[in-house]
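Student: I would like to go through this protein step by step. Please show me the sequence and the structure before we begin.

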Amino acid sequence: MYKRLSSVMFPIFAVLLIGALVWGYQENQEKNAILIKAENQYQRAFHDLSFHMDKLHSEIGNTLAVHATSQGMHRKGLMNVWRLTSEAQNEINQLPLTMLPFSETEEFLSRISNFAYQASMRDLTNEPLSEKEMGNLKKLYANSSEITKNLQDVQQKVISDRLRWMDAESAMATEEQTMDNTIVDGFRTVNKKVQEYPELDWGPSVSSIYAKRSVKKLDGLPMTKEQIQTKAAKFSNAEHGKIQIQENGKGTDWESYTATIDQSKDSKLSMDFTRNGGLLISYSDTRPIGTKKVTRKEAMAKADHFLSNKGYKDMKAVNYDEFGNLGNLTYVRKQGDTLIYPEKMSVRVGLDNGDVTGFQASDFVYEHQKKREIPKATLTVEQARKKLNPEFKESYARKSLIKNDYSKEVLCYEFGGRINGAKYKIYINADTGMEEAVEEIKPVNETT
């Protein structure tokens, strides 16, 4: 009996064992293939980064080498600097540096990129590089030389010692802070030296990109929880006792309050207010949205009425889109006959009954603090219209205040219309006649 049983079971166990060994071998081979592919990608990105940083250093040097009046070469050099910094940023993003403090170097490259782009895009014939900007380039030339040398030192060690990025990734993931790794230490050294560089004056256009908004800069006295509760009750028409207030970010630049109201099991209202002035930043109603029954025109009318009823006067809808059974509108403030695009807010409407289910107004809150004097246009609308493509079929024209690529507010004539089978908004500078921006208007959905 035992012999008969063993004669049957032994071949079965043998087959299972062989199958397990084959499966394990295949799994191990696939795992190794993935690791090898990841290692190759890391190595390629790292060596490309070192190459592009060296090229960046050379390109800045080339830009400094030509005569101060060589606007064409300055433009070409700055465009190459922008391209190379963009390449370097892309390669940094491909490396496993998320657990390594390398943010200072990334921001440094970002500022160089924005500086080079904005300087190259302006009319260098009428506005050549200033002495301050040339001084910045000289400092960037020296800094990029040091960064390049440090990266090349790491690169040499990687090649000579056959170091692996997979080991560096493990070193960064380990909790043992004393664990040594040449690649990790090299990048830490680069980041530390970048931190020690003196801050450059990049100019207002670049600095504005990195300007941090802070509620402390807002007008108005700090609000108490009780005052926020009163504001929330007035906005939502809810009873004080049902409103819960939570304080956020105490002692930071982002101090705010969140007011919540439980309306039912599936529905809750939420409102965020700034601490200074008690200004409403966002509003959200989580009620379930039913089947779409409301048209675009009805949704816009409902949103218009909601904003007007809540005290947001002179708001104009400039964009509409739909996602499922929700309508999303972008509003900007209208001052006289001019749309103020920096003062914008988004409104969400439930297309089952047209009621507003939320809005986001942080841009409006911060930008509305400014007192704007609308400049007088140098060009007439007829003169600006001549700058359009002759094939552009205009449907409307209006004045708009927008922020251009240099983060400067400029008065434009906004022309809406069609060309090449698509809808566009084209913004023509009301002083210079230059195109400041072109925006394609996507259809709401495939059927409209």
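Student: How many aromatic pairs does a search of the whole structure find?

Tutor: This is a predicted model, in which local features need pLDDT of at least 70 and side-chain atom pairs count only at pLDDT 80 or more, while totals for chains, interfaces and linings use all residues. Residues are numbered from 1 along each chain as its sequence is written, and side-chain values use heavy atoms, with hydrogens and water left out. Rings of Phe, Tyr and Trp (its six-membered ring) pair if their centres lie within 6.5 Å; planes under 30 degrees apart count as stacked, over 60 as edge-to-face and the rest as tilted. By that rule, the number of aromatic pairs in the whole structure is 12.

Student: What kind of pair do Tyr 312 and Phe 364 form, and how many residues apart are they?

Tutor: The ring centres of Tyr 312 and Phe 364 are 5.8 Å apart with 70° between the planes, so the pair is edge-to-face. Tyr 312 sits in the loop between α9 and β5, and Phe 364 in helix α10 (residues 362–367). Helices (H or I, at least four residues) and strands (E, at least two) are DSSP runs, numbered from the N terminus. The pair links distant parts of the chain, its two residues being apart by 52.

Student: Are Tyr 341 and Tyr 427 buried or exposed?

Tutor: Tyr 341 and Tyr 427 form an edge-to-face pair, 5.8 Å centre to centre and 90° between the planes. Buried means under 20% relative accessible area, exposed over 50%, partly exposed in between (1.4 Å probe, protein chains only). Tyr 341 has 15% and Tyr 427 has 3%, so each of them counts as buried.

Student: Which residues do ring pairs link into a cluster?

Tutor: Tyr 312 and Phe 364, both buried, belong to this cluster. The full list is Phe 235, Tyr 283, Phe 306, Tyr 312, Phe 359 and Phe 364.

Student: Where do the buried residues of α8 lie around its axis?

Tutor: The buried residues of α8 (residues 225–236) are Ile 228, Ala 232, Ala 233, Phe 235 and Ser 236. They cover an arc of only 165° (taken from the directions from the helix axis to the C-beta atoms). On the other side of α8, Glu 226 and Lys 234 are exposed. The arc is why the buried residues are on the same side of α8.

Student: What covers those buried residues of α8?

Tutor: Contact means heavy atoms within 4.5 Å. The cover of the buried residues of α8 includes β1 (243–248), β2 (256–262), β3 (268–274), β4 (280–285), α9 and β8 (356–360).

Student: Is Asp 314, with its positive phi, buried or exposed?

Tutor: Asp 314 has a phi of about 60° although it is not a glycine. Its place is in the loop between α9 (296–309) and β5 (315–323). The relative accessible area of Asp 314 is 54%, so this residue is exposed.

Student: Where is confidence lowest and highest in the protein?

Tutor: pLDDT is the predictor's confidence in each residue, from 0 to 100. The protein averages 84, and 84% of the residues score at least 70. Confidence is lowest in helix α7 (residues 204–210), at a mean of 62, and highest, at 96, in helix α11 (residues 381–385).

Methods
The expected span of a helix is 1.5 Å times one less than its number of residues.
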